[in-house]
Amino acid sequence: MATVRLDRLHKEFRSIGGAVHALRDLTLDIADGEFVSLVGPSGCGKSTALRIIAGLETPTSGRVLFDGQDITGLEPRDRNIAMVFQSYALYPHMSVRQNLEYGLRKRGVPREERERKVAAIGAMLQITPLFDRRPRQLSGGQRQRVALGRALIRDPAVFLLDEPLSNLDAKLRVHMRAELAALHQKVRTTMIYVTHDQLEAMTLSDRIIVMNHGVMQQVGTPEEVYSRPANRFVAEFIGTPSMNMIEGTLRPEGGRLLFSAPGITVPVPPAAARQGTTGQATLGIRPEDISLVPPGTPGAIPAQVTVSELAGAERFHFIALNGHSVIVRTPAATVLHPGETVALGLDPERLHLFSGAGEDAAAIR
Amino acid sequence: MLRALRIYGAAALLLIFVAFPLYWMAITSLKPQTEVFRVPPTWLPERWTLEHYVELFLLTDFGRLFLNSLQVCLMSTFMALAVGILGAYALARLKVRGKEAYGRMVLLAYMFPGALLIIPLLLLFRQLGLTNSHLGLSLAYLTFAVPFVMWVMRDFFASIPIDLEEAALIDGASRLGALWDVVLPQAVPGIIATGIFAFLFAWNEYLFALILISDEALRTLPPGMMRFVSTTDTNWGLIMAASTLATLPMALAFGLIQRYLVTGLGAGGVKG
Ligand SMILES: Nc1ncnc2c1ncn2[C@@H]1O[C@H](COP(=O)(O)OP(=O)(O)OP(=O)(O)O)[C@@H](O)[C@H]1O
Ligand SMILES: [Mg+2]
């Protein structure tokens with residue numbers, strides 16, 4: 001059990017071709033027993049951050065502290081961490097039992113205690129029948145469990161996971177996700193989880209760290225990150241399908257602030273209006289926050305249906321709105337046909353406004 | 001079909017080309033002295049005999065030469081593996097400045113002709129008292145064995161997923177511990193294959209052995225057998241028997257480890 005503090009971590013990879021700035025000024029406090037996820041697109045520096053915490057990579061500058069102690073210079077084996085790799089990295093020439101035992105052996109744990117712990121982990125993860133097999137003889141899900149077991153058995157202070165579920169098929173992934181959540185409930189070890197799957201991050205974490213290009217974009221609970229994204233990048237990254245984005249301008253009119261884009265004019269919610277930002281802006285609205293309203297409703301925006309997709313219990317409608325394309329999410333019972341004209345209502349309380357048009361356009365609220 | 005025929009035809013030609021001298025050597029060693037020079041030659045001995053082999057061990061110092069060679073080659077192979085594997089691992093994994101340039105220099109050293117090395121080496125070894133010593137000769141063989149091992153094993157190590165070592169480091173192993181526990185077991189085929197090649201280089205090497213060792217009692221097989229040719233008044237049956245025995249361990253080794261050779265030298269390029 002430990003708190004983790006990342007203090008202004010920088011990481012630059014220098015090579016002949018130039019330098020890659022993989023991590024910029026990452027500062028973060030993780031509480032004891034907390035489950036945090038690092039999410040972001042490929043190449044955003046998630047693994048780099050995790051590997052620095054593990055001691056597999058040295059930061060260019062900055063510090064890593066466990067329980068207030070600076071451990072930046074320590075070897076991985078002196079950090080009391082465990083890590084689950086995306087590839088599982090099970091030792092191919094060892095049986096499952098030997099894989100589980102290896103860390104204990106290396107730390108000089110006596111034989112009886114090793115056997116007791118291996119038995120306990122085997123029971124907990126239901127892998128006891130696999131003990132004498134080699135990793136090659138296991139299915140993906142079984143390997144996953146063994147990899148988890150190998151990490152758990154040591155009772156680490158911090159548990160690091162780098163996309164541990166991404167090699168599993170969709171069904172198994174959901175199942176293992178639930179198991180992982182249950183596991184964290186049980187062991188209550190600090191867990192740092194890297195994924196590019198925002199849904200995994202949302203369902204598992206106490207807090208989510210969204211990263212892009214090596215820069216932390218937002219830290220918050222899944223709720224916060226979803227409903228109050230700090231900038232356009234976070235807004236678009238979190239949630240599937242993505243938040244609809246319409247670029248336009250903010251201008252005052254008749255004592256109110258209006259957002260306008262070709263064919264769309266919406267009043268800005270009072271809270272956001274108080275900031276008084278004008279000029280170029282982006283309007284964001286989640287697919288579930290757009291409703292279909294009867295034609296003629298005041299404020300309704302007319303639009304044409306392009307395509308409808310059934311996704312099980314719900315339906316996604318792709319709708320053309322004066323040159324913009326938006327996605328609307330409805331229950332499956334709402335059937336729309338291509339070419340049909342509909343009226344869209346936007347819930348003003350659920351609009352997101354960003355000042356500017358780039359990824360880093362900050363939220364106005 | 002035609003294509004297959006052509007390939008098999010070419011393979012057969014190559015086989016005859018390579019294997020015929022070996023066949024002739026073995027057959028001649030088993031013919032009685034009177035049959036060796038018969039014209040036309042016999043394809044199989046009319047009378048099989050081991051007389052040349054008996055002669056070889058009773059009348060010549062073949063046995064000692066063989067043991068000397070074995071000792072030198074085993075020593076140099078083990079030293080080359082110990083040094084070369086560590087070097088190769090460092091080249092493959094550690095973040096060291098100038099690693100690439102160093103790697104290329106190693107390759108250059110490997111390609112450097114032995115004939116150019118031998119004079120400076122001789123002068124150096126004289127100073128160090130390493131001439132006329134099996135240790136000295138084994139060390140001299142490291143000049144090509146180590147670069148060879150490093151070159152092949154570097155690619156081999158590079159093909160082993162780095163995650164495995166990192167997992168071991170996190171599990172509590174040191175660098176060397178991870179190398180020993182996790183990397184080397186994966187690399188066994190490569191180690192066997194390169195080890196055998198390093199051994200063969202040394203086994204067949206003539207020039208260094210001739211120049212660095214003048215003491216009759218320490219002489220190794222290749223120069224020893226050369227002397228054989230003159231001292232025994234070119235008894236071909238005897239020479240063929242000696243050659244057969246000198247080749248036999250190699251043929252056996254190749255037969256036994258063929259499996260490793262294929263996976264071993266192939267694994268550097270293709271990830272299995
Ligand atoms: N050893 C390295 N040498 C050079 N550049 C590296 C190295 N490791 C990572 N990088 C670069 O650093 C950046 C961040 O890489 P990182 O592996 O942390 O990304 P990631 O967020 O984990 O991506 P993914 O989701 O694809 O795993 C990338 O641009 C990557 O190319
Ligand atoms: Mg990664």
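## A tour of rings and strands

Start by selecting A:Arg150 and A:Tyr91: the arginine lies over the face of the tyrosine, 4.6 Å from the ring centre. Keep in mind as you look around that this is a predicted model.

**Stop 1: around A:Tyr91**

Leave A:Tyr91 selected. Is this residue buried or exposed? With a relative accessibility of 0%, A:Tyr91 counts as buried, because the cut-off for that word is under 20%.

Before adding a partner, here is the wider picture: across all chains, the whole structure holds 21 aromatic pairs. One of them joins A:Tyr91 to A:Tyr102, with 5.0 Å between the ring centres and 65° between the planes, an edge-to-face arrangement. Colour the backbone to see where the two belong: A:Tyr91 is in the loop between β6 (81-84) and α2 (96-106) of chain A, while A:Tyr102 is in helix α2 itself, so their pairing ties together parts 11 residues apart in sequence. A:Tyr102 is buried too, at 5% relative accessibility.

**Stop 2: over to chain B**

Now select B:Phe148 and B:Phe197. Their ring centres are 6.0 Å apart and their planes meet at 50°, so this pair is tilted. B:Phe148 belongs to helix α7 (residues 134-158) of chain B and B:Phe197 to helix α9 (residues 175-204) of chain B, so the contact ties together parts 49 residues apart in sequence. How much of each is accessible? B:Phe148 is buried at 11% relative accessibility, whereas B:Phe197 is partly exposed at 26%.

Widen the selection to include B:Tyr110, B:Tyr141, B:Phe144, B:Phe201 and B:Phe208. Together with B:Phe148 and B:Phe197, these residues form one aromatic cluster.

**Stop 3: the sheet in chain A**

Go back to chain A and switch to a cartoon view. Which strands make up the open sheet here? There are six, in the order β6-β7-β8-β3-β9-β10, and their pairing is mixed. At the edges are β6 and β10 (215-220), each of which pairs on one side only. From one strand to the next, the twist averages 15°.

Zoom in on the edge at β6. This strand runs parallel to β7 (residues 158-162) of chain A, and four bridges join the two. To see a position where they face each other, select A:Ile81, which stands opposite A:Val158 in β7.

**Last stop: another charge over a ring**

Finish with A:Arg286 and A:Tyr226. The charged end of A:Arg286 sits over the ring of A:Tyr226, 3.9 Å from its centre.

Methods. Residues are numbered from 1 along each chain as its sequence is written. Chains are lettered from A and ligands numbered from 1 in the order in which they are written. This is a predicted model: local features need pLDDT of at least 70, side-chain atom pairs count only at pLDDT 80 or more; totals for chains, interfaces and linings use all residues. Side-chain values use heavy atoms; hydrogens and water are left out. Rings of Phe, Tyr and Trp (its six-membered ring) pair if their centres lie within 6.5 Å; planes under 30 degrees apart count as stacked, over 60 as edge-to-face and the rest as tilted. Buried means under 20% relative accessible area, exposed over 50%, partly exposed in between (1.4 Å probe, protein chains only). A charge sits over a ring if NZ of Lys or CZ of Arg is within 6 Å of the ring centre and within 35 degrees of the ring normal. Two strands pair if DSSP finds at least two bridges between them. Axes are lines fitted to C-alpha atoms, for helices over the stretch in contact, and angles run from 0 to 180 degrees between N-to-C directions.
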